[in-house]
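Trainee: I have a new structure open and would like to learn how to read it. Could you walk me through it?

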Amino acid sequence: MKKLLILLLATTSFGSNLPATADTQQYDDQRSSLGLSDSEKAQFLSEMRRMLSSIQGIVAGIGDNNREMIIQSARYSGNRMARATPESVKAKLPQAFKDIGGPTHLMFEELVIRAETDDMTTLTQFTGVLLKQCQTCHALFKAN
Ligand code: HEC
């Protein structure tokens, strides 16, 4: 009961400190549109979800000290994925997008190699740097 009360108090005071929420404030989306069609977007997003799966496998692999799992997971989002992007989508991607996307796939390839020998702390740090690529691009672009 005491716990519930503390939880209630915490929720109420957090609530009052929050800035205006979505229903009271217009959110201005400043990301550039890649102009993908609905079907291109569906395929593009499915690749994105696979990149998230790669990250999941990498983190789980590091936690379990399982090098093979890290390697398999990272390989999936390496250059093979870059090559598999349909030409119609490639043609629409601006240089600024490619400048972030290309190195991201290369970093997955680098992780495949590093996972053979690097210690788990170094691999975690590298994954942290890799995740910054995701963040940078997500801040700049939207699919359509
Ligand atoms: C070069 C640009 C770029 C990079 C790098 C990038 N993304 Fe994305 N990602 C996007 C765009 C654009 C979208 C679509 C956002 C939108 O339309 O709102 C997206 C969407 C996603 C989504 C949502 C998928 C869905 O079904 O809606 C996930 C998950 C995702 N990305 C994961 C990742 C992860 C994990 C990484 C890094 C390992 C990553 N992305 C790197 C551009 C990028």
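Trainee: Among contacts in the chain between residues at least 6 apart in sequence, what percentage join residues at least 24 apart?

Mentor: Happy to help! Keep in mind that this is a predicted model. Of the contacts between residues at least 6 apart in sequence, 74% join residues at least 24 apart.

Trainee: And which elements does the chain have, and in what pattern?

Mentor: There are 7 helices and 2 strands. Going along the sequence, their order is α-β-α-α-α-α-α-α-β. As for burial, 11% of the 144 residues in the chain count as buried.

Trainee: Let's look at a pair of helices. How are helix 6 and helix 7 oriented to each other?

Mentor: First the general idea: two packed helices are described by the angle between their axes and by the distance between those axes. Here, the axes of helix 6 and helix 7 come within 10 Å and cross at roughly 165°. An angle over 145 degrees counts as roughly antiparallel, so that is how helix 6 and helix 7 run relative to each other. The crossing of helix 6 past helix 7 is left-handed.

Trainee: Which residues make that contact?

Mentor: From helix 6 come Ile100, Gly101, Pro103, Thr104, Met107, Leu111, Arg114 and Ala115. Helix 7 adds Leu123, Phe126, Leu130, Gln133, Thr136 and Cys137. By type, the residues of this contact are 9 nonpolar, 4 polar and 1 charged.

Trainee: Now the ligand. Which residues come nearest to it?

Mentor: There are 18 residues around the ligand, and the nearest are Met48, Gly101, Cys134, Cys137 and Ala143. Helix 2 (38-63), helix 6 (95-117), helix 7 (120-140) and strand 2 (141-142) each give two or more residues to this shell. Helix 2 has the largest share, with 6 residues. The shell holds 12 nonpolar, 4 polar and 2 charged residues. Notice that Gly101 and Cys137 are among the nearest to the ligand and also take part in the contact of helix 6 with helix 7.

Trainee: One last residue: is asparagine 144 buried or exposed?

Mentor: A residue counts as exposed if 12 or fewer other C-beta atoms lie within 10 Å of its own. Asparagine 144 has 12, so it is exposed. You will find asparagine 144 in the segment after strand 2.

Trainee: How far apart are asparagine 144 and serine 33?

Mentor: They are 111 residues apart in sequence, but 5.0 Å apart in space, C-alpha to C-alpha. Leaving aside neighbours within four places in sequence, asparagine 144 is in contact with Ser33, Leu34, Gly35, Leu36 and Lys41.

Conventions: Residues numbered from 1 in each chain as written. Predicted model: local features only at pLDDT ≥ 70, side-chain atom pairs only at ≥ 80, totals over all residues. Near = placed C-beta within 6 Å. Helix = DSSP H or I, 4+ residues; strand = E, 2+ residues; numbered from the N terminus. Nonpolar A, V, L, I, M, F, W, Y, C, P; charged D, E, K, R; others polar. Axes fitted to C-alpha atoms, helices over the stretch in contact; angles between N-to-C directions. Parallel < 35°, antiparallel > 145°, perpendicular 65-115°, else oblique. Left-handed = near helix turned anticlockwise from the far one by under 90°. Contact = placed C-beta atoms within 7 Å. Buried ≥ 20, exposed ≤ 12 C-beta atoms within 10 Å, placed from the backbone.
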